[in-house]
Amino acid sequence: MNKNESGISRRDFIKISVIGGITVYLGVKPIHSIAQQALTLDRVSWTPTLDVKPAQRIDAVAKVTGAKVFARDVRAKDMPGWPVDQSYALILRVASTDRLYLGLDLSSLPLEAKPNRVVTAEDLKRDQLDFPAFYTKHMLLPEGERASILGQAVAILIFNSYAQYREAKTALRFRTDIFKFSDATTPLAEFTPWGALRSIRVSGKEAQELYSPLKNGWIRPLGYSRGEPVWPEPDASGHAAARGMAHAHDLDRLLLNSSESLFVLKRSYRTQSTDAVTLETENANCWYDPQEQVLHMVVSVQNPEEVLTHSAAMVKACAFPVKAIYVQPTFTVSYGAKDSSNHTYYALVAALYGNGRPVQTVLDRYEHFQAALKRHPFEMEYTLAVDPRTGDFQALRSHLQANGGGRPSFSNVVIQESTIQSTGIYQFPISDLTGIAQRSRALDASAIRGFGNLQTMSGLEMLVDELAHQLKRDPIALRIQNAMRTGMRNSQGGVPSGHLRIVDVLNRAATYPLWTEREKHKLAFEQANPKALYGVGVAIAQKNFGTGGEAAFAKVELDPQGRIKVYHCGVETGTGLATTQAVVCAEWLGRSAHEVQTGVTDWSDIPMESTGNAFDTTQEFEDHAQKNPRWTPRFVSSSGATNTAYYFTHATRMAARVIAQYGIWPAALDIWGAKTGGGQLSTEQPGFAQARWVEGHLTASGMEPLAWSQLVTRAYEMGMVTGAAVHSFNRWRWAQADYLIGDVQVRLPLDGLSVKYGNGQVPGSRTADTPNLYSLLKRQNMVFPPVQRYRGGPTLTSAVASVVALSVQRDSGEVNLLDHHTILECGRVMVPELVEGQVQGGTAMGIGFALYEELPLYEDGPGNGQWNFDRYRLPRAQDVAVWKQSIEILAPLSDSDPPKGFSEAAVIPVAPAIGNAIAHACGKRLYEFPMTASKIKEQLL
């Protein structure tokens, strides 16, 4: 395919690399004409104003009018260069794991519904195709084998017309007789867990750690026996893991000996499987061009670079020759559900067998329930020891099991993160935290919003609340007494960064009228409503933002007319990422960006290289790798709500700062110097730190305010920096290096920096022979955060508290949410409306988790293909006290406070607050989510 045939130039895509002999490309700009404006957001929806605040988010009009374009909206005819005839794929799945699968019988389909091609496991085996290694084997179940997961795909049906496809889909809906199985059942095999770890910490005197993961590492199983991990034997004088187990053995003895100085409370909790309920279901549209041997993919994912890597590995040795892969990312809606989802690879396979026609796969809601990633159900056991005389927490032991289903996905990471953070906001001198990601025949679960902490922190918060009542202490006061303060060590032995504001949040909750007047309101409400009970509950969560391996690319450019354009690697998943990147430019440039492109992967202006795994590596490897001046531990992070505000925005801010300090500021000094008559300022000239934007003009130390257009024109004339492309990496601390910009050396929290001078000329030249030329600056004194720091656990966190008032009907157990208040600390707020929107959405998700949403795990669950919203109960406006809810955002401590990610934290505390409110209302506690009316009624009998 060439320019003349398709209308597409390779300049429309960026060559990322060559993987296994396959050249892989990602879309620089969308190439489908009808969707181009909606997909690129290359015009913001407001004129940048002097007060910087946007009138609305960039995609606001498109969202509310239905004009926002997602991958599912893109047809073959919308793609220049593609064949106009579109084919469609239907994936058939079985809901049985106890019999051998013997084949497929489609003879009952009417002629007009017959597929043009049926792809089975036999085809994949012959053509050497299967899932990328991340997903394990058997993309399609072979005949003669038993499914290991409910909803296992067995065939892909391809239709050359939409009418065929719809007819077949209607005819096959809920049909099980088309699948042939053996008569005899076979016993289920014993499942080995996807992973497990143990995190043990014992603090010493004077802040010296006797044992901690940061100092001694996590403990991993030696193996598994009957599905349970086998831990090392305790040995106080042995190797690190054995010494840790000796400390755990000592804690066991401590917890068995309650006394006047030690009160021990042990409780078990259970949470359910839920769906992420992304309203954009799984979808993709792919075309394999057999003549050019090129694979084109329009995808709905959170990390398009991952799709390229996996796709290239998947097809490199298959029977279909592939010379190049083009991936076009689009907007999506995720909540984590499209982070490493396997659907894209079914679409890829369908395209290979599409006979040269583009093939689209769009799941309907039944299919999405059957195939999409789920939230892990947890079984949790907590044992908390406290000095009853003082209320000081002494120790915590947690044993957590998450059901990860039949594919690994991110289960190992979810159980790791939720385990090490299962101490919540509290400081425990001793902790023994165990997490196991179990394997089962259930649907695979993954990194859904909250990353396992919604489950584990909910259990802990209800435990602490019950403890307070047993000790006859105020629930908030007990929390404040044991909350982590600045400088204290977390469960991993690491010290969180910055000033912790947990106590500030709790103090605000303690004075909120809904809480302080709870007993008065309870008495009044129950007198006025004798058939109902009234309760108020409180809970708090501290959640990390980031993964300990966050990376981002960003580029900011000025054109000669002074328009600011931002390019960013982050995919807009509905969180307002694009709007935020526009707004943050104002910190350095005095105005929001005029244009924003998200999901960009054209980073040829800053050619970085990456090898290894940022999360599983050695210091020796990184010390050697960073000798390469272009090396970075990771290219880009998967896009999500929590990493936008701090990590993704950091890259944009740094690019804007470089332009401001080495483009706009020198221009200002030159103008001021020229107006003094001497061509330069005196030795008392102002420094960049004194620069201020006032009503859109730049001034400093009483100097004449300069207009933006005047500054940009002079920056271009002088050949100063007018564009900056950056790469950032954070392992709970920013990688940083020295860079020579012009003739000034500066240290920046970046591991890669390229700049453009003027129209693209080399420094010192005033010509523009090479427009848009970026120069990769040599980094010096490069410092990456040590590998060990990852084991120190999350050190960047935000805190969110919820106060909830509700009523419970005495006869039915039905819960009615009356009021809820959220208290949030998230640093410096960039766009308040986006913050409030994330809190509102997260709160609704937490309410649904607490009261309504539930998926059976096995044969009667969504794996049977019969689930839709008629069975799955989502909270509605009437269920979330939509007109009574309120949000309080703590003011930052200073103007220099960084913004914090909080979107995952926002979903957590409302669930345990509801549990605690139900206990206050009924006088009895529930230990299982969702707390449905029937469960509450049983307690009331």
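**Buried elements, cores and cavities in the predicted model**

Helix 17, residues 577–584, is largely enclosed by the rest of the structure, because eight of its eight residues are buried. The structure described here is a predicted model. The buried residues of helix 17 are Leu577, Ala578, Thr579, Thr580, Gln581, Ala582, Val583 and Val584. One of them, Thr580, also belongs to the lining of the largest cavity, where Thr580 is among the residues nearest the centre.

In soluble globular proteins, nonpolar side chains tend to be buried together. In the present model, the largest nonpolar core has 81 residues. Within this core, the residues that touch the most other members are Leu384, Phe393, Leu806, Ile914 and Ile918. The surroundings of Phe393 were examined with neighbours within four places in sequence left aside. On that basis, Phe393 is in contact with Leu384, Ala385, Val386, Tyr426, Gln427, Phe428, Pro429, Val464, Leu467, Leu478 and Asn482. Apart from the largest core lies another, of 70 residues, which includes Val636, Ala651, Ile664 and Leu753.

Thr423 is placed in the loop between helix 11 (411–420) and strand 21 (430–438). With a relative accessible area of 6%, Thr423 falls under the 20% limit and is therefore buried. Beyond four places in sequence, the contacts of Thr423 are with Leu396, Phe428, Ser431, Leu433, Leu460 and Ser491. Phe428 is thus listed as a contact of Thr423 and also as a contact of Phe393.

The model contains 11 cavities of 30 Å³ or more. The volume of the largest cavity is about 220 Å³. Its lining comprises 19 residues, and those nearest its centre are Thr580, Ala645, Met830, Val835 and Phe902. Two elements, helix 20 (644–675) and helix 22 (832–851), give two or more residues to this lining. Helix 22 provides the largest share, three residues. By residue class, the lining of the largest cavity divides into 10 nonpolar, seven polar and two charged residues.

Arg634 lies in the loop between helix 19 (619–625) and helix 20. The side chain of Arg634 reaches the backbone oxygen of Val636 at 3.4 Å, and Val636 is itself one of the members of the 70-residue core. When neighbours within four places in sequence are left aside, Arg634 is in contact with Thr547, Gly549, Ala551, Ser610, Ala614, Phe615, His727 and Phe729. Arg634 and Tyr25 are separated by 609 residues in sequence, and their C-alpha atoms are 18 Å apart in space.

Thr722 is found in strand 28, residues 721–730. The relative accessible area of Thr722 is 0%, so this residue is buried. Apart from neighbours within four places in sequence, Thr722 is in contact with Val556, Glu557, Leu558, Ile659, Tyr716, Lys756, Tyr757 and Gly758. The C-alpha atoms of Thr722 and His650 are 19 Å apart in space, with the two positions 72 residues apart in sequence numbering.

His821 belongs to strand 35, residues 815–825. At a relative accessible area of 5%, His821 is buried. The side chain of His821 is joined to that of Glu888 by a polar contact of 3.1 Å. Glu888 also appears among the residues that His821 touches, together with Tyr512, Ala801, Ser802, Val803, Ser886 and Ile887, when residues up to four places away in sequence are not counted.

Several features of backbone geometry were also noted. Phi of Trp732 is near 60°, a positive value in a residue other than glycine. Trp732 occupies the loop between strand 28 and strand 29 (736–741), and is buried, with a relative accessible area of 3%. Gln128, likewise not a glycine, has a positive phi of about 60°. Gln128 is located in the loop between helix 4 (121–126) and strand 6 (152–159). In contrast to the buried Trp732, Gln128 is exposed, with a relative accessible area of 55%. A cis peptide bond, with omega of about -5°, joins Phe929 and Pro930. Pro930 is situated in the loop between helix 24 (910–922) and helix 25 (933–940).

Key
Residues numbered from 1 in each chain as written. Predicted model: local features only at pLDDT ≥ 70, side-chain atom pairs only at ≥ 80, totals over all residues. Heavy atoms only, no water. Core = buried A, V, L, I, M, F, W, Y, C linked by side-chain atoms within 4.5 Å. Buried < 20%, exposed > 50% of the residue type's maximum accessible area, 1.4 Å probe, protein only. Contact = heavy atoms within 4.5 Å. Helix = DSSP H or I, 4+ residues; strand = E, 2+ residues; numbered from the N terminus. Polar contact = N/O pair within 3.5 Å; in protein donor to acceptor, adjacent residues only side chain to side chain. 1 Å grid on protein atoms, 1.4 Å probe; cavity = no way out; pocket = protein on both sides within 12 Å on 5 of 7 lines; lining within 4 Å. Points joined across faces, edges and corners; volume = space filled by probe spheres on them. Nonpolar A, V, L, I, M, F, W, Y, C, P; charged D, E, K, R; others polar.
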